[in-house]
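The following exercises concern the packing of helices and strands in one structure. Please work through each task before reading its solution.

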Amino acid sequence: MRKIPRLKKKERQTRLSNDLQMNPFLTDEELAHNYKVSIQTIRLDRMELGIPELRERIKHVAEQKLDPVRSLPLHEVIGELVDLQLDHSATSELLISEEHVFSRTYVARGHYIFAQANSLAVALVNAEVVLTGAARIRFIRPIRLGEKLVAKALVRSASGDQIKVRVETRVGEELVFSGTFRVFKAADLHKS
């Protein structure tokens, strides 16, 4: 994101509105840093412009872009699902909070990072039952309290009931986790 010199209120609000139309996932903190103003100033600008807070913007984008998840209930996807095109690609976001970290180090527990990527790989498959058969993963650096993980999944190949999904997780522009998941469409396990 470009850094903007201190602007007059009207010009700042115009640019703020444009920036949030282009990227509705920008946080108030990121905007305050970019515009060199306080977080409170950004919140006041958003209120004057009638722009909702981040969580509401994410829900709005998700409602517009999501195909219905078939392979698991939406609440079982780890993180906030922000884009889903079944059998093609998906994106989720996870803000690392105190429940996700070790209390002594404030470093995220690896199973949350893995679970975000794995649940995204499963959610993206257009089938009633999808199971993970194998995963090759790489943790690139520790994730800390307060960092926002953006996981992007992409179908690499499909052969019969087997699908190969690549997931890359970033904090900002930095790649922090990657994985290749082999998932399988399975027969409905509820049937006798």
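Contact here means heavy atoms within 4.5 Å. The model is predicted: local features need pLDDT of at least 70, side-chain atom pairs count only at pLDDT 80 or more, and totals for chains, interfaces and linings use all residues. Residues are numbered from 1 along each chain as its sequence is written, and side-chain values use heavy atoms, with hydrogens and water left out.

**Exercise 1. The sheet**

Determine the order in which the 6 strands form the open sheet.

Solution. Strands (E, at least two residues) and helices (H or I, at least four) are DSSP runs, numbered from the N terminus. Two strands pair if DSSP finds at least two bridges between them. The order is 1-2-4-5-6-3, with antiparallel pairing. Strand 1 (80-85) and strand 3 (130-139) are the edge strands, each pairing on one side only. From one strand to the next, the twist averages 20°.

**Exercise 2. Strand 5 and its neighbours**

Identify which side chains of strand 5 (residues 162-171) are buried.

Solution. Buried means under 20% relative accessible area, exposed over 50%, and partly exposed in between (1.4 Å probe, protein chains only). In a regular strand the side chains alternate between the two faces of the sheet. On one face of strand 5, Ile163, Val165, Val167, Thr169 and Val171 are buried; Gln162, Lys164, Arg166, Glu168 and Arg170 point to the other face and are not buried.

Next, consider the partners. Strand 4 (residues 148-159) runs antiparallel to strand 5 and is joined to it by 9 bridges; Val155 stands opposite Val165. With strand 6 (residues 174-185), strand 5 pairs in the antiparallel sense over 10 bridges. Across that pairing, Val167 faces Gly179 and Arg170 faces Leu175.

**Exercise 3. Helix 5 and Asn118**

State which strands helix 5 lies across, and describe the surroundings of Asn118.

Solution. Axes are lines fitted to C-alpha atoms, for helices over the stretch in contact, and angles run from 0 to 180 degrees between N-to-C directions. Helix 5 lies across strand 1, strand 2 (89-95), strand 3, strand 4, strand 5 and strand 6, running at about 45° to strand 6. Asn118 belongs to helix 5 (residues 110-123). Its relative accessible area is 17%, so Asn118 is buried. Not counting residues up to four places away in sequence, Asn118 touches Thr132 and Phe181. The side chains of Asn118 and Thr132 make a polar contact at 2.7 Å (a pair of N or O atoms within 3.5 Å; within protein, one must be able to donate a hydrogen and the other to accept it, and residues adjacent in sequence count only if both atoms are side-chain atoms).
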